[in-house]
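Work through these exercises with the model on your screen. Try each task before you read its solution.

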Amino acid sequence: MTSKINYQIVTNNPTVKNNYEEVIFIEGSFEDVLFKVRDLVHTGFELINHPLGASSRMFFSPYRSIIIGEKSQKINDIYIETIENSIENYKKHMNIRKPDMVNGEDYALIDSELLKSSLEEFKRIYNYK
């Protein structure tokens, strides 16, 4: 029998904020979400989904939702490396171009759908009810 794994969603997406209870809402940018997740991972929280989107086009989204799991006593080096590399990669791409605010509503919807899919997979794997 699997125990219930708790999770939180770190997001700056207002759609996600309004549709989920387990939200740490960030008043800020995609990069601010990455920084908050980095801070949490450095204190022992699990990284459940990848910090960057499914495609390089999603770098230009003004919104991002990232799932973190329970806080552990032991800090996971793989999670730290993943979030640090994600921040570095994001900054490299964003030096060339800025977030696409014109299509912000579409990006909010895409982010919500990617989150929904990630949560379904997470719940299936961990037999979460």
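Three exercises follow, each with a worked solution.

This is a predicted model, in which local features need pLDDT of at least 70, side-chain atom pairs count only at pLDDT 80 or more, and totals for chains, interfaces and linings use all residues. Residues are numbered from 1 along each chain as its sequence is written, and side-chain values use heavy atoms, with hydrogens and water left out.

**Exercise 1. Describe how helix H2 packs with helix H3.**

Step 1. Find the helices. H2 covers residues 30-41 and H3 covers residues 77-94. Helices here are DSSP runs (H or I, at least four residues), and strands are too (E, at least two), numbered from the N terminus.

Step 2. Take the geometry. The angle is about 160°, and the axes lie 10 Å apart. Axes are lines fitted to C-alpha atoms, for helices over the stretch in contact, and angles run from 0 to 180 degrees between N-to-C directions.

Step 3. Name the arrangement. Angles over 145 degrees count as roughly antiparallel, under 35 as roughly parallel, 65 to 115 as roughly perpendicular and the rest as oblique. H2 and H3 are therefore roughly antiparallel to each other.

Step 4. List the contact (heavy atoms within 4.5 Å). H2 contributes residues including Phe-30, Leu-34 and Val-37, and H3 contributes residues including Ile-80, Ile-83 and Tyr-90.

**Exercise 2. Find the largest nonpolar core and place Val-37 in it.**

Step 1. Recall the rule. A nonpolar core is a set of buried Ala, Val, Leu, Ile, Met, Phe, Trp, Tyr and Cys residues joined through side-chain atoms within 4.5 Å.

Step 2. Size it up. The largest core has 23 residues. Val-10, Leu-34, Val-37 and Tyr-90 have the most contacts inside it.

Step 3. Trace the suppliers. H2, S4, H3 and helix H4 (104-125) each supply at least two residues of this core. H2 gives the largest share, 6 residues.

Step 4. Look around Val-37. Leaving aside neighbours within four places in sequence, Val-37 touches Val-10, Leu-47, Ile-66, Ile-68 and Ile-83.

**Exercise 3. Is Asn-13 buried or exposed? Is Ser-55 buried or partly exposed?**

Step 1. Locate both. Asn-13 sits in the loop between strand S1 (8-11) and helix H1 (14-19). Ser-55 sits in the loop between strand S3 (45-47) and strand S4 (65-71).

Step 2. Apply the cut-offs. Buried means under 20% relative accessible area, exposed over 50%, partly exposed in between (1.4 Å probe, protein chains only).

Step 3. Decide. Asn-13 has 0%, so Asn-13 is buried. Ser-55 has 37%, so Ser-55 is partly exposed.
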